[in-house]
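Colleague: I am new to this structure and should be grateful for a close look at one part of it. Please take a single hairpin and describe it together with its surroundings.

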Amino acid sequence: MREIDPSQTGRAEAFALWMNAPMPMVTLFKTLDVTNLAGLSRRRGCKFNMLMCWCVGAAASRMEEFYLLPVGETLVQYDRVAVNTVVALRDGGISTCDIPFSQDLGHFEADYLSLTGQVRDTGRAHDLEDHMVVGTSALAQYDIDGAVNLYAGCYNNPFLIWGRYRRKLLRTELPVSFQFHHTQLDGIPAAQFLERLQEEIRNLKL
C-alpha cells in the first residue's frame, strides 16, 4: 500500500468533491439470485457465507477502483484485496476477520476456516492493513431487505450487508445492501460491481 497523488488518478474530481463531505457514503440495494451458491453449499458442504465472501472478493478484484481507498485525508493505493467477515465469539460477542482474497477457492476456504476459527477462539480481530478490505456482515438468521450502515469517518471501506436468503419456487434470492465512499466509487461502477458479483455467483463451479 502507498499514498498516491489523487490528481494523478481517475478519482481526482471525486476526491476534491467528496473527501470533506459530511456524509460521503452511498448505499445501493440489489436482490441477487443465489440459487447456485445455495445448491453448492448443500451439495459440497461449504459454508454459504464463505462462498459469498469469495464471490465478493472475485468481483472486487476485477475492478481498479477497489484498489484505491480514501484513508484519513489521503488516497491510498493497494496491491491486494481482502474480504472482512463478522465472527460470532464463544462468549456471545462479535469480532471481525480479514481474509486475503485468492482466486483459488480452495485456498480461500482454508484461510476463511482457519482465520475465523482463530478469531472465534481468541476473541481478537484479524486485520490486514496492507490489503484493501471489502467489509461484509451476514445477519443470516433474519429476513432483512437491506441496511444503511453508520458513517464514523474512520472506516471508509466498501461494505455489504445481507440477511437470510429466501427460497422461491425455482430460485433462491438474497437482498444485499452495498455501501461505498463516493471518493472511491461513482454510482455506475458501484452498480457494475453488483452486476459482477451476480456473475460470479451464477458462474461459480466447484
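How many residues lie between β5 and β6 in the hairpin that they form, and which residue in the turn has a positive phi?

Modeller: Five residues lie between β5 and β6 in this hairpin, and G92 in its turn has a positive phi of about 95°. The model is a predicted one, in which local features need pLDDT of at least 70 and side-chain atom pairs count only at pLDDT 80 or more, while totals for chains, interfaces and linings use all residues. Residues are numbered from 1 along each chain as its sequence is written, and side-chain values use heavy atoms, with hydrogens and water left out.

The strand β5 covers residues 81–88, and β6 covers 94–100. Strands here are DSSP E runs of at least two residues and helices are H or I runs of at least four, numbered from the N terminus. The two strands of the hairpin run antiparallel and are joined by seven bridges; two strands count as paired if DSSP finds at least two bridges between them. Within this pairing, T85 of β5 faces C97 of β6.

β5 also has a partner in β7, residues 132–138. These two strands pair in the parallel sense, over four bridges, and V83 has V134 as its bridge partner in β7. β5 is mostly covered, with six of its eight residues buried, that is, under 20% relative accessible area for a 1.4 Å probe, protein chains only.

β5 further contributes to the largest pocket, whose volume is about 550 Å³. On a 1 Å grid over the protein atoms alone, a pocket is an open set of points with protein on both sides within 12 Å along at least five of seven lines, and lining residues have an atom within 4 Å of a point. The volume is the space filled by probe spheres set on the points, which are joined across faces, edges and corners. Of the 23 lining residues, N49, V86, A88, A138 and A140 lie nearest the centre of this pocket. β5 gives the most to the lining, with four residues, and α3 (48–61), α4 (105–122) and β7 are also among the elements that supply at least two residues each. By class, the lining has 12 nonpolar, eight polar and three charged residues; nonpolar means Ala, Val, Leu, Ile, Met, Phe, Trp, Tyr, Cys and Pro, charged means Asp, Glu, Lys and Arg, and the others, Gly among them, are polar.

The other strand of the hairpin, β6, belongs to the surroundings of the second largest pocket, of about 350 Å³. Both β3 (68–71) and β6 supply at least two residues of that lining, and β3 has the largest share, three residues. The lining has 19 residues, with Y78, E129, V133, Y155 and N157 nearest the centre.

The hairpin sits in a protein chain of five helices and 10 strands. The radius of gyration, taken over C-alpha atoms, is 17 Å, close to the 17 Å that the globule rule (2.2 Å times the number of residues to the power 0.38) gives for 206 residues, so the chain is as compact as a globular protein of that length. Along its principal axes, the C-alpha trace spans about 50 × 40 × 30 Å. Of the 206 residues, 50% count as buried.

Terms used. On a 1 Å grid over the protein atoms alone, a cavity is a set of points where a 1.4 Å probe fits but cannot get out, and a pocket is an open set with protein on both sides within 12 Å along at least five of seven lines; lining residues have an atom within 4 Å of a point.
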